[in-house]
Structures are given as structure tokens and as C-alpha cells.
Amino acid sequence: MSTTTEGVPLRIAVPNKGSLSLSATEILRECGYRQRDDSKQLTLTDIENGVEFFYLRPRDIALYVGEGTLDIGITGRDLLLDSGAKAEELLALGFGRSRFRFAGPIGRFTAVEQLQGARIATSYTGVVGAFLAERGIEATVTRLDGAVESSIALGVADVVADVVETGSTLRQAGLETFGEPILESEAVLVTRPGHRADGSEIFRRRLQGVLMARSYVMMDYDIEDAHVDAAVALTPGIESPTVLPLHKEGWVAVRAMVPRAGAQRLMDELWGLGARGILTTDIHACRL
Ligand SMILES: Nc1ncnc2c1ncn2[C@@H]1O[C@H](COP(=O)(O)OP(=O)(O)OP(=O)(O)O)[C@@H](O)[C@H]1O
Ligand SMILES: O=P(O)(O)OC[C@H]1O[C@H](OP(=O)(O)OP(=O)(O)O)[C@H](O)[C@@H]1O
Ligand SMILES: [Mg+2]
């Protein structure tokens, strides 16, 4: 059964390679979509769900979506901004997190004002150009495809601007970051402003449901009536917690979604209030 109203498949761009590719495929599978098994496959139609996937270079995805060829796509926020494409961010996806930063030889630079007149190497000329223009800094920006960190030792640049995740590539090149991060990036869902293709809302909701399920757990516990108000104040849930009577006189069972991050601390606090039989369970998908 198709989930689109017109029967026209929703056309979705997915990273085919690089840091975002595996996580994008994983979240789409969790959302109940078919995904390719062969990394050479360029497209895949999931008739049951009324969608068609196009596996593309993440750097090109904002352009395809912005030009109207594809309805929606997954790419990096930094790549979206760098592209200058007419696409907008619809939902942050929580994976592929990185910072985009300037770096130079250790001890050489301390502030972005020192970029005046410098030679900067980067794969993200759009992001760097906009940053410099905003501050009225004049510098020479050279575009490289990758391994940008080597450009300083090889005499092509004084400074690099690149994606930093763990920082280990910079350390190995004898470089250090300086100035504030230019931007914080993660994988994002992008679409054309004002364009809401049939099925795109269902697609967005499925992704949001899996993201919520990743960041929340279901918590169950039993507690005496006298302490239930204090306990539900700690576990207010999304709408409101479910409270049901137990067979044991004067006791109730409480069920509520709680943020995964603080779940262990919450269990300690509930135990302190007299709650017993405290359980947490993973959620795999939800619509809230
Ligand atoms: N450690 C990382 N290295 C590079 N990009 C990363 C990293 N972590 C997250 N990202 C994000 O991945 C996207 C870059 O996609 P890209 O396809 O260029 O990945 P890549 O890992 O550099 O792959 P490749 O170098 O093989 O092309 C950006 O949005 C970037 O912020
Ligand atoms: O902070 P880190 O964890 O070290 O990760 C950041 C590095 O990873 C990426 O390089 P990639 O492996 O994509 O190679 P590339 O430069 O050839 O694209 C990025 O361009 C940085 O060089
Ligand atoms: Mg790379």
C-alpha cells in the first residue's frame, strides 16, 4: 500500500559515501524503509512505502533538492550552507556531528583577525568566503578536495578551515584550532522552501519518531499513593504519565517516557521516594 496520496513516489536523496552514509542508511531502515544492500546501487524504489531513494554524493544533495529534481534529502548542515543551494533545513538528525574550524601551526595563530592577508585552504569555500566577507577580512581562499591538513606543510597555505570531529587529524599534522568554531554541523533533512511533496510529512514524522525513540526510554515503577505526586513530578512524561491502581492496596503503577540521558539518576531518585520495581525499556519508534 502506498503512503502517498497521489501514488507518485517521494524522491529522497541519501548520501552514498562518506561519514553520513552508514548512519543515514541505518536510520532509514529503522524507519521501516528498504535500503540498498550493494553500495554500487544508485537508486532503490520502495513501492510499499511510496518512496524512491537516490544515492548521491552528500555534497551534491542540497543542489539536487534545491533545483527541484528531488523532493527531500539527507546531508550535512555544513554542506548545505557551503552549497549556497536554495534548500532549507527541515529536521536535525543527531548524527554526523562535527565542528567547522580554522587551524594553523601550533602557537602561530590565536584570533581570526590574524587571517587578514593569509592563504587559507579548505574544501568549504562557500562557508569560509561568507565568514570572511561578514568580518571584512581579505584573504586568499584555495579550494582543495581533501587531506586539507597537509596543505600547510606542503607550502600551499598558512591556515586551513576544515571539519573537526575528534581532532586527531589536526594533531597528527601538528596543527591546532584557533578562534570560535565557524559552525556546528550534523546530518540534516533538507527540502526546498515552500515545497511539501506528497508523503514528505510522513517521511519527516517517521524520522522524528525514531529520533525521539533514540533519546527517550519508557520508565515503569510502582509506588505508594502517598508519594505518587512527588514521583510524577520527576517523571511528567510527554502528555502526562499513566497511573493505574495495583492489586496491592494503596499502591499504583506509573508509566512515563523519560529522557534516556538522565534515566539512571532518575531511578535513584525514585528509589529514594519509595518507588520499587523500577524498569526502563527501549522504544524503537513513536508518533507523539
Ligand atoms: N570525521 C569526519 N570527517 C569528515 N566529515 C565528517 C566527519 N564527521 C562528520 N562529518 C560530516 O560529514 C559530511 C562530509 O561528508 P563527506 O562525504 O565529505 O564525508 P567524508 O567523511 O569527508 O568522506 P570522503 O572524504 O570519503 O568524501 C559533513 O557534513 C561533515 O560535517
Ligand atoms: O577530527 P577528526 O576525527 O580527525 O576528523 C576530521 C577529519 O576527517 C575528515 O577527513 P576525511 O577522513 O574525510 O578525509 P579527507 O580530508 O580526504 O576528506 C575531515 O576532512 C578531517 O580531515
Ligand atoms: Mg572527507
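How much helix and how much strand does the chain hold over residues 213–284, and how far apart are the end C-alpha atoms? The chain there is 28% helix and 40% strand. Its end C-alpha atoms are 5 Å apart. UniProt lists these residues, in an unreviewed entry, as "domain: Histidine biosynthesis HisG C-terminal".

This is a predicted model. The protein averages a pLDDT of 96, and 98% of the residues score at least 70. Residues 1–5 have a pLDDT below 50. Beyond near neighbours in sequence, that stretch still has 13 contacts in the model. Where pLDDT is low, the predicted coordinates should not be read in detail. For the complex, the predictor gives an ipTM of 0.96 and a pTM of 0.93.

Now the domains. The protein is divided into three parts: domain 1 (10–95 + 186–198), domain 2 (98–183) and domain 3 (216–282). Domain 1 is listed as two segments. The centres of domain 2 and domain 3, taken over C-alpha atoms, are separated by 50 Å.

Where does ligand 1 lie? Domain 1 and domain 2 both give residues to its shell, so ligand 1 lies between them. There are 14 residues around ligand 1. Those that come nearest are Gly 18, Ser 19, Gly 76, Ser 98 and Glu 165. By class, the shell has four nonpolar, seven polar and three charged residues.

Glu 165 also appears around ligand 2. That shell includes Gly 146, Ala 147, Val 148 and Glu 149. It also includes the run from Asp 162 through Val 163, Val 164, Glu 165, Thr 166, Gly 167 and Ser 168 to Thr 169. Strand S9 (159–164) and helix H6 (168–172) each supply at least two residues. S9 gives the most, with three. The classes here are four nonpolar, five polar and three charged.

Turn next to helix H2, residues 58–67. Is H2 enclosed or open? Seven of its ten residues are buried, so the helix is largely enclosed by the rest of the structure. The buried residues are Pro 58, Ile 61, Ala 62, Leu 63, Tyr 64, Val 65 and Gly 66. They pack against four strands and a helix: S1 (10–15), S3 (51–56), S4 (72–76) and S11 (187–191), together with helix H3 (77–83). After H2 comes Gly 68, whose phi is positive, near 95 degrees.

Technical notes
Residues numbered from 1 in each chain as written. Chains lettered and ligands numbered in written order. Predicted model: local features only at pLDDT ≥ 70, side-chain atom pairs only at ≥ 80, totals over all residues. pLDDT = per-residue confidence, 0-100. Contact = placed C-beta atoms within 7 Å. Near = placed C-beta within 6 Å. Nonpolar A, V, L, I, M, F, W, Y, C, P; charged D, E, K, R; others polar. Domains from an automatic or database assignment. UniProt positions renumbered as here; feature names shortened; annotations may be inferred. Buried ≥ 20, exposed ≤ 12 C-beta atoms within 10 Å, placed from the backbone.
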